[in-house]
Structures are given as structure tokens and as C-alpha cells.
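Thanks for making time this morning. I would like to walk you through one model, and I will begin with a single contact before I come to the overall fold.

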Amino acid sequence: MNWLAHLHLSAPSAEFRLGNVLPDLAPQRDLAGLRPAFQRGIDCHRRIDAFTDAHPTFRQSVARVPDGFRRFGGIIVDVLYDHFLTLGWERYADAPLRHTVDDFYGSFDGFRAELPPAVWPILAKMRQQDWLGSYGDLAGVQLALRRIGRRLRKPRDLGGCIPALGSAYPAMREDFAAFYPALEAFVASLAGQY
């Protein structure tokens, strides 16, 4: 799952929520010294990713990614699933999307001294360009995939997959609707461990 789902599936503390996105922003060695409140979110992030990557419905979505992009299918489906989460947000969340995202952005500055310096340029861009609020339309998804593609070892325009989705798009949306409640149940089963 991508960042919006990690945020949605977080415990309500700001440290947990930040921890639940940090593994995508910094290497493990940079996160190892953070206090337990962050580590719980970091651990949750890893468990969500492991559950997602192994789930047959997610794998089915990856298999739907157009030829030429399938090597990056996991990344593409992660971002598309955030898009589908945005479209159905009111079904899954109690608080409005805008409130949730703005609250998360507003928590960043209070932890500046504790988090690895390398994450700050990314968090600043995330907030400034409203990455988490941009998944509602396919242009935002395409832009997110282009940003990710530029960070690959060999840069690639992952956003180019969007025009090629065709009939895979509604099928992936159905996959998401089947998958996300299972992921929510999995995360709920972890609650006692945090």
C-alpha cells in the first residue's frame, strides 16, 4: 500500500502515523534509533506491506498492469489502491479525507528534531504539493507515479501506464474493494501488539 493507506490504517498518535510512512522515506539504519512511539508505526508499515504483497487479490491486480510496466506492478498498484481509497474514503474512514491529510501534514514540524534530516525535504514536498490529497483523479496518480519513477535506479516514466490501463482500471477497482476490508481486518488484529 502507498502512503495514504498507511496513514488511514495508523493508530491515532502522530508518532505512529509518521512511523507508518517513514520506511518509504529513509533506510532502516536511519530509523533504527527512533523512539518506540515511531517504531510501532514502522513495524506496522512493514506488516502492512508484507500482508499486501502476499495477498492473492493484490497479486491479481499486479497481473492486470499493462505489459511493459508489469515489472513495476507492485508500485503501480500501491498508488492505484490509494486512488481507490480516496474515491471511497467515506466508506472506510470516520473523519473527512481533507481533515485527515491536513492533520497529518500539521504534525510534521513538531518532530523535526527527532527524525532523520534526509526525510525533511520529502515531507516538505509532500505537504507543499499535497501528495496525499492528490490521488483523487488519475492526473494526480500519474504525477505520483512519475515522481516515483524518477527515483528508481534507472529512471522510468511509470505514469505512462495510466493511459494504457483501459479495461484493467474497473477490474482493479473491484480488486481493491475486495482486498481493503481484509487489510483493515489484518491491521485491527495487530492492535493489541501496539
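**Salt bridges, charge and fold**

Let me start with Arg146, which forms a salt bridge with Asp157, the closest N and O atoms being 2.9 Å apart. This pair links distant parts of the chain, since Arg146 sits in helix α10 whereas Asp157 is in the loop between α10 and α11, 11 residues apart. I should say at once that this is a predicted model, and please keep that in mind throughout. Are the two partners buried or exposed, or something in between? Arg146 counts as partly exposed at 33% relative accessibility, and Asp157 is likewise partly exposed, with a relative accessible area of 37%.

The structure holds 10 salt bridges, and I will take you through some others. Asp103 pairs with Arg17, with 3.1 Å between the closest N and O atoms, and here too distant parts of the chain are linked, because Asp103 belongs to helix α8 (residues 97-107) and Arg17 to helix α2 (residues 14-19), 86 residues apart. The two ends of this bridge sit in unlike surroundings: Arg17 is buried, with a relative accessible area of 8%, under the 20% cut-off, while Asp103 counts as partly exposed at 39%.

Within helix α8 there is also a local pair, Arg98 and Asp102, whose closest N and O atoms are 2.9 Å apart. Why are these two separated by about one helical turn? Because they are 4 residues apart in helix α8. Arg98 is partly exposed at 38% relative accessibility, and Asp102 is partly exposed at 40%. Finally, Glu15, Arg35 and Glu114 are linked in a network of salt bridges.

Turning to the surface, Arg71, Arg153, Lys154 and Arg156 form a positive patch. Of these, Arg156 lies in the loop between α10 and α11 (168-190), and it is partly exposed, with a relative accessible area of 33%.

One backbone detail deserves a mention: Asp130, in the loop between α9 (120-128) and α10 (138-150), has a phi near 50 degrees, a positive value in a residue other than glycine.

As for the fold, the protein has 11 helices and 0 strands. With 194 residues, a compact globule would have a radius of gyration near 16 Å, and the protein has 16 Å, which agrees. Its C-alpha atoms fill a box of roughly 45 × 35 × 30 Å along the principal axes, and buried residues make up 51% of the 194 residues.

Conventions
Residues numbered from 1 in each chain as written. Predicted model: local features only at pLDDT ≥ 70, side-chain atom pairs only at ≥ 80, totals over all residues. Heavy atoms only, no water. Patch = residues over 30% accessible without salt bridge, like charges linked within 9 Å, V, L, I, M, F, W, Y side chains within 5 Å. Areas by Shrake-Rupley, 256 points an atom, 1.4 Å probe, with all protein chains shown as cover. Salt bridge = Lys/Arg side-chain N within 4 Å of Asp/Glu carboxyl O. Lys, Arg positive; Asp, Glu negative; His and termini not counted. Charge placed at Lys NZ, Arg CZ, Asp CG, Glu CD. Buried < 20%, exposed > 50% of the residue type's maximum accessible area, 1.4 Å probe, protein only. Rg over C-alpha atoms; globule rule 2.2 N^0.38 Å.
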